[in-house]
Amino acid sequence: IDNWVVTNPNSLPPVDQQPWQLNLRTALTTPDAAARQSAIQALRQKRGLGPVEPILSVLGGERSAPAAARNELAQLLGELTGVAFPPKIEGDVPDPVKQVEEWRRLWFQELKQHGEPRYVEYSWRQLEGGLRRYAMNPDETTAGEVKYFRAALIHQLADADVIPASASPKAKELLTDPLKIKKKIGDAVVGLEAGPDDYEKTSHLRVIDEQLDLPHGRQVGNLFSERLARVAYDEMNTTVAKQFGNALAKISGVPCNLDHPQIDARRARLQDWLSSVGIELPPGGPSA
């Protein structure tokens with residue numbers, strides 16, 4: 001690309017029509033501040049997440065770039081992702097590697113909440129790239145990358161039916177069963193939230209219990225912990241409340257005994273469980 005750009009300087013399309021890779025190349029290499037800012041503005045307007053990893057390689061010290069470009073790309077990274085760089089880290093001397101690691105942790109929390117195409121496309125691209133890197137070099141780092149983006153896609157996708165046809169066989173293998181479980185648990189939770197009678201509640205909770213016993217079941221069930229807790233908070237039937245508690249305990253591995261005849265006592269126990277697993281409901285319960 002460098003050779004072609006150097007030998008064909010007048011053949012490039014306008015900045016806003018260039019592929020993001022060319023915009024990023026300009027931002028990383030040009031000594032012309034105005035050209036660099038135009039390229040970064042084009043990346044900002046396109047809003048794609050393709051530049052995220054190359055920018056991180058610059059900010060983490062793996063790739064060189066002028067200091068001005070580093071600062072402008074750090075700002076762009078925050079604008080594209082909603083996660084500011086550098087993140088706040090205790091200590092007097094900033095460590096670029098630790099900054100990137102902490103940023104990635106915060107980015108995952110943000111990424112998994114979004115199912116819009118640009119976020120999902122980014123996660124797919126990173127998962128497939130991670131699988132290729134793992135195949136060539138199966139170590140802890142590459143395995144962690146695959147795990148990271150697999151988890152993001154489990155959050156982002158609603159069902160195995162939306163796995164793209166272009167996905168690799170290994171990616172489909174990693175995601176199909178968890179997403180099938182997610183669909184069944186999700187449908188059951190929606191049914192519980194609709195306020196059915198006690199028989200239907202028991203039926204929905206039985207479906208959830210069966211899915212939690214499957215491989216990946218607890219991992220996927222954890223996505224619904226807060227919603228289940230919200231419904232359990234107002235449950236009037238002691239027997240059904242006990243089933244809610246059993247499901248929450250199975251998901252988290254933390255006991256949640258809601259087998260008590262008094263609703264206030266059950267709510268107090270549920271609040272203890274919520275505190276143990278780090279979930280906060282509004283004071284006074286879900287409807288407050």
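The residues lining the largest pocket of this predicted model divide into five charged, three polar and two nonpolar. The charged members of the lining include Glu53, Arg104 and Arg133. Glu140 and Glu145 also line the largest pocket and count as charged. Gln126, Thr141 and Gly144 belong to the lining as well, and these count as polar. Tyr148 and Phe149 complete the lining; both count as nonpolar. The space in this pocket comes to about 380 Å³.

Two helices each supply at least two residues of this lining: H7 (117-136) and H8 (140-156). Helix H8 gives the most, with six residues.

Aromatic pairs were searched for across the whole structure, and six were found. One of them joins tyrosine 148 and phenylalanine 149, with ring centres 4.6 Å apart and planes at 65°. The pair is edge-to-face because its planes are over 60 degrees apart. Both residues also line the largest pocket. Phenylalanine 149 has a relative accessibility of 2% and therefore counts as buried, the limit being under 20%. Tyr148 and Phe149 are also part of a cluster linked by ring pairs. Its other members are Trp103, Trp107, Phe108, Tyr119 and Tyr122.

The enclosed space was examined next. The whole structure holds one cavity of 30 Å³ or more. Helix H12 (225-233) and helix H14 (263-277) are the elements that give two or more residues to the lining of the largest cavity. The space in the largest cavity is about 50 Å³. Its lining is made up of Ala232, Tyr233, Glu235, Ala241, Leu258, Ile263, Arg266, Arg267 and Leu270. Helix H14 provides the largest share of this lining, four residues. By class, the lining of the largest cavity has six nonpolar residues, three charged residues and no polar residues. The charged residues are Glu235, Arg266 and Arg267.

Helix H12 also contains serine 225. At 3% relative accessibility, serine 225 is under the 20% limit and so counts as buried. A polar atom of the serine 225 side chain lies 3.3 Å from the backbone oxygen of asparagine 222. With neighbours within four places in sequence left aside, serine 225 is in contact with Leu248, Ile251, Trp273 and Ile279. Trp273 falls within the range of helix H14 (263-277).

Backbone geometry was examined in three loops. The loop between helix H5 (67-81) and helix H6 (96-111) holds proline 86. The peptide bond leading from phenylalanine 85 into proline 86 is cis, with omega near 5°.

Arginine 47 lies between helix H3 (33-46) and helix H4 (52-59), in the connecting loop. Its phi is positive, about 60°, although arginine 47 is not a glycine. With a relative accessibility of 46%, arginine 47 counts as partly exposed, because this class spans the range between 20% and 50%.

Histidine 216 is another residue other than glycine with a positive phi, here near 75°. Histidine 216 is found in the loop between helix H10 (198-212) and helix H11 (217-221). The relative accessible area of histidine 216 is 33%, so this residue is partly exposed.

Methods
Residues are numbered from 1 along each chain as its sequence is written. This is a predicted model: local features need pLDDT of at least 70, side-chain atom pairs count only at pLDDT 80 or more; totals for chains, interfaces and linings use all residues. Side-chain values use heavy atoms; hydrogens and water are left out. On a 1 Å grid over the protein atoms alone, a cavity is a set of points where a 1.4 Å probe fits but cannot get out, and a pocket is an open set with protein on both sides within 12 Å along at least five of seven lines; lining residues have an atom within 4 Å of a point. Grid points are joined across faces, edges and corners, and a volume is the space filled by probe spheres set on the points. Rings of Phe, Tyr and Trp (its six-membered ring) pair if their centres lie within 6.5 Å; planes under 30 degrees apart count as stacked, over 60 as edge-to-face and the rest as tilted. Buried means under 20% relative accessible area, exposed over 50%, partly exposed in between (1.4 Å probe, protein chains only). A polar contact is a pair of N or O atoms within 3.5 Å; within protein, one must be able to donate a hydrogen and the other to accept it, and residues adjacent in sequence count only if both atoms are side-chain atoms. Contact means heavy atoms within 4.5 Å.
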